[in-house]
Amino acid sequence: MPINRLNIRIEPLANPRPARLPEALGFGRRFTNRMFTQRYSPEQGWHDAAITAYQPLALDPASAVLHCGQDVFEGIKAYLRPDGRINLFRIDQHMARFNCSASRMGMPHIDAELHIEAIKALLGLEHEWIPSQRGAALYIRPVMVSSETTLEVRASQTFLHFIILSPVGPYFGSGLSPVPVFISHDYVRAVRGGTGEAKTTANYAGSLLATEQARAKGFQQVLWLDAVERRLVEEVGGMNIAFVYDGKRISTPALSGSILPGVTRDSILRLAPDHGFEATEDRIDVNEMLADIESGRITEVFAMGTGAVIGPVGRFRYKDKDYVINDNQTGPVAQRLFDILTDIQYGRIADRYGWTQSMDIVNETACLQRSASA
Ligand SMILES: Cc1ncc(COP(=O)(O)O)c(C=O)c1O
């Protein structure tokens with residue numbers, strides 16, 4: 001099957017860098033040789049799809065995105081399987097969320113199938129950059145920004161869509177080590193009716209000050225409460241959160257309109273019952289939650305997201321008081337779910353949920369090269 005149905009123009013690289021990856025990759029600090037771009041205008045729709053050398057974007061200083069922040073993005077991972085093929089994890093869900101985010105931000109949709117083909121085309125050319133060390137992956141960052149040159153406060157007419165790739169290590173470093181989390185009372189991330197359930201940069205920009213203040217106090221992340229009563233637990237940093245009750249029930253905040261519907265969160269909710277855990281979506285009051293930590297009813301807390309997959313929380317601080325969870329150790333439920341989910345993602349066990357798409361690199365690349373030279 002030809003994979004270049006988008007009619008992507010593939011430009012030759014003048015000086016491709018060899019994919020030499022250090023052992024410690026960090027997260028999102030280095031990028032591969034190529035990127036994908038296409039443009040949107042009301043007259044032409046999406047057009048001018050190209051895979052070019054990775055390069056700076058030329059943006060007019062009056063580009064709408066720099067003034068109104070009309071943009072959306074995604075974070076997906078490609079994993080190297082033991083058989084040398086590549087697994088894409090729930091890429092359809094990420095694509096669907098990209099378009100939901102675009103709707104919320106008043107932006108055009110992208111054809112999901114073609115967008116996925118573009119990702120595969122890029123991966124076909126850049127597969128040497130997929131790291132092989134345990135816990136590492138190739139992070140895929142699709143972005144759409146408004147590109148019209150105007151200072152008027154209104155939706156842009158033109159847009160740029162680009163995709164870049166970054167070889168990454170585990171988000172929180174090696175292994176599953178619990179992180180300390182500061183519960184923010186003064187700042188909120190999102191409000192119902194706002195943009196919290198869209199993946200748009202404004203949500204992250206608004207979270208940075210509180211996160212930096214928490215970091216200065218020795219905390220790695222911030223737990224966000226609802227913006228109205230500042231009582232209901234929402235998310236932790238750029239991840240969803242789950243609480244384990246009595247080692248058996250996994251409870252995560254129900255989607256409220258201000259929580260990003262995480263793909264990892266959804267995967268855990270679906271996996272957990274197949275492995276003997278009850279999984280529920282609830283309204284979680286911060287005071288009750290902290291009392292449950294103190295009484296020992298909550299046995300584990302963990303964050304869920306594409307970057308870290310699962311990140312245990314070892315300690316909360318709320319209004320000057322500390323609450324230690326599971327002796328600041330990674331608990332068995334977090335470890336078990338992490339092992340199962342990453343085994344599926346890396347293709348180490350069978351994927352009975354149909355979440356992974358495997359790419360045969362040799363064939364896909366040959367196919368691409370044929371269509372590029374046609
Ligand atoms: C605010 C926020 N919440 C939750 C998540 C987790 O989502 P996912 O599991 O799809 O990566 C992310 C990451 O994209 C995020 O940025």
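This report covers the domains, two helix packings and the ligand shell of a predicted model.

**Domains**

The domain assignment divides the chain into domain 1, made of 9-172 + 352-373, and domain 2, spanning 179-329. Taken over C-alpha atoms, the centres of domain 1 and domain 2 lie 28 Å apart. Contact between them involves 22 residues of domain 1 and 15 residues of domain 2. On the side of domain 1 that touches domain 2, at least two residues each come from strand S4 (71-73), strand S5 (76-80) and H2. Helix H2 gives the largest share of that side, with six residues. Sorted by class, the side of domain 1 that touches domain 2 holds eleven nonpolar, five polar and six charged residues.

**Helix packing**

Two packed helices are described by the angle between their axes and the distance between the axes. The table lists these values for two pairs.

| Helix pair | Angle between axes | Distance between axes |
|---|---|---|
| H2 (residues 91-104) and H3 (residues 112-126) | about 120 degrees | 10 Å |
| H6 and H8 (residues 332-345) | roughly 105 degrees | within 11 Å |

How are H2 and H3 oriented to each other, oblique or roughly perpendicular? Helices H2 and H3 pack at an angle of about 120 degrees, which means that H2 is oblique to H3, since only angles of 65 to 115 degrees count as roughly perpendicular and this one is not in the parallel or antiparallel range either. The crossing of H2 past H3 is right-handed. On the H2 side the contact is formed by Ile91, Asp92, Met95, Ala96 and Asn99, and on the H3 side by Ala112, His115, Ile116 and Ile119. These residues of the H2 and H3 contact comprise six nonpolar, two polar and one charged.

For H6 and H8, the axes cross at roughly 105 degrees, and therefore H6 is roughly perpendicular to H8. Here Ser267, Ile268 and Leu271 of H6 meet Leu337, Ile340 and Leu341 of H8. The contact of H6 with H8 has five nonpolar residues, one polar residue and no charged residues.

**Ligand shell**

Helix H6 also takes part in the surroundings of the ligand. There are 13 residues around the ligand, and those that come nearest are Gly238, Gly262, Val263, Thr264 and Thr306. Helix H6 (263-271) and strand S15 (298-305) each contribute at least two residues to the shell. The largest share of the shell, three residues, belongs to H6. By class, the shell around the ligand contains four nonpolar, seven polar and two charged residues.

Key. Residues numbered from 1 in each chain as written. Predicted model: local features only at pLDDT ≥ 70, side-chain atom pairs only at ≥ 80, totals over all residues. Near = placed C-beta within 6 Å. Helix = DSSP H or I, 4+ residues; strand = E, 2+ residues; numbered from the N terminus. Nonpolar A, V, L, I, M, F, W, Y, C, P; charged D, E, K, R; others polar. Axes fitted to C-alpha atoms, helices over the stretch in contact; angles between N-to-C directions. Parallel < 35°, antiparallel > 145°, perpendicular 65-115°, else oblique. Left-handed = near helix turned anticlockwise from the far one by under 90°. Contact = placed C-beta atoms within 7 Å. Domains from an automatic or database assignment.
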